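Hello,

Here is the structure I promised to pass on to you. Please open it next to this message, and then read on for what turned up in it.

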Amino acid sequence: MKEKTMSKRNILPRLKPLRLLLVSLVFVGVWVGFCCVVPSSMRQVKAPRRGRAYNDRVAIVYSKHYQMSLGGLEKLHSFDIRKYARIYLKLNTEGLLRPEDVFVPEAVSKNEILLVHTPEFLESLKDSPTVARYLEAPFAATVPNALVDAAILNAFRYSTGGTVLAGRLALKHGIAINIGGGYHHAKPIAGEGFCIYADMPIAIRVLQKEKLIGRAMVIDLDVHQGNGTAVCFATDDSVFTFSMHQGNIYPIPKAVSDLDIELKTGTNDEEFLSILDKNLGSAIDRADPDIVFLQAGCDTLKGDPLANLNMSLEGIVKRDAMVIDECVKRRIPIVMVLGGGYSKRAWKVQYASIARTLKKYGITANRHPHKRRELTGKEKLYTK
Ligand SMILES: [Zn+2]
């Protein structure tokens with residue numbers, strides 16, 4: 001009896017902090033429930049499913065799972081992870097895209113990842129400081145690895161699955177746009193420059209393995225060189241890599257693509273489009289591809305904090321249009337992925353580019369498939 005009383009006395013002081021913790025957890029739960037309720041427009045693009053290609057020509061791929069969330073810590077990173085959701089919701093509220101028409105991907109599988117990456121690389125992802133280094137996100141180094149996997153790597157797996165699905169859809173419909181992807185710095189043995197899985201190489205290897213394609217081409221117009229993509233295909237003549245990028249910024253030293261064009265600081269619309277125009281046709285001739293992957297990074301925009309080109313929104317839309325129209329003219333299936341873009345206006349540029357493609361090829365008689373509407377309060381909160 002005495003022993004029992006003693007043990008009760010010992011336990012009671014410990015119960016107070018435990019109770020406090022429980023109360024705090026309940027408060028946090030209520031707060032999270034109140035603030036982070038997922039809007040219905042996002043819930044509709046959560047479970048993997050088939051969508052509908054507009055005019056049987058343009059397929060849009062997107063998933064709610066692309067959104068990373070690490071209790072707000074993700075906002076410390078220069079990559080605006082909410083840009084994917086902003087673009088999807090803008091397409092939706094402008095009346096250009098119905099949630100039920102979106103193709104929602106599965107996450108890329110381990111076997112698919114291993115078509116490009118090494119088992120050692122997959123092992124390295126079990127170490128949070130290593131993942132933090134790949135992502136240049138020091139805040140992730142101290143986060144338990146299970147949480148890093150669930151909150152960050154999982155989003156990359158879905159977005160990479162989206163690029164694989166976009167590859168299949170492009171072969172069927174002609175044009176497929178993944179509102180994500182473009183992780184062109186990822187190499188077989190390591191992630192780098194905010195990139196984990198090499199989504200375009202993985203998609204190309206999946207399509208080649210299934211004998212859906214023989215040859216492929218990657219046209220990388222992000223302001224940074226597609227060094228990871230170049231390394232993935234360095235010894236492979238079946239894939240042609242073409243990268244146009246600013247010469248004097250990351251990555252230094254550069255990898256060797258099949259065609260590299262370095263741009264000088266301050267390159268403007270006219271200069272960029274003229275260089276692309278001079279090289280695009282002959283590069284596609286050399287590549288002779290069964291499919292083209294366009295990495296349409298918009299960090300070429302004037303004022304991007306990680307680069308120094310001088311392009312306008314209109315110039316970048318014309319740039320993407322030049323590549324997509326050329327592929328359509330030649331009847332080559334094309335996949336567009338988003339890549340980089342770090343200014344506050346970056347998502348607006350990519351929205352404008354996707355909207356232009358949808359209007360030109362997907363929406364007959366330029367009619368909107370549904371009514372315009374305003375963002376709801378929950379949607380504003382979700383993309384804040
Ligand atoms: Zn970039």
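Let's start with helix α12: the cover over its buried residues includes β1 (58–61), α3 (83–93), β2 (175–178) and α11 (313–329). Helices here are DSSP runs of H or I with at least four residues, strands are runs of E with at least two, and both are numbered from the N terminus. This is a predicted model, where local features need pLDDT of at least 70 and side-chain atom pairs count only at pLDDT 80 or more, while totals for chains, interfaces and linings use all residues. Residues are numbered from 1 along each chain as its sequence is written.

Among the buried residues of α12 are W347, Y351 and I354 (buried means 20 or more other C-beta atoms within 10 Å of the residue's own, with C-beta atoms placed from the backbone).

How do α3 and α12 pack? Their axes are 9 Å apart, at an angle of about 45° (axes are lines fitted to C-alpha atoms over the stretch in contact, and angles run from 0 to 180 degrees between N-to-C directions). That makes α3 oblique to α12 (oblique covers whatever is not under 35, over 145 or from 65 to 115 degrees). In this pair, K83, R86, I87, K90 and L91 of α3 meet A346, W347, Q350, Y351, I354 and A355 of α12 (contact means C-beta atoms, placed from the backbone, within 7 Å).

Now for the other pair: the axes of α10 (residues 269–287) and α11 come within 10 Å and cross at roughly 10°. That makes α10 roughly parallel to α11, an label given to angles under 35 degrees.

Happy exploring!

Technical notes: A residue is buried if 20 or more other C-beta atoms lie within 10 Å of its own, exposed if 12 or fewer, and partly exposed in between; C-beta atoms are placed from the backbone. Two residues are in contact if their C-beta atoms, placed from the backbone, lie within 7 Å.
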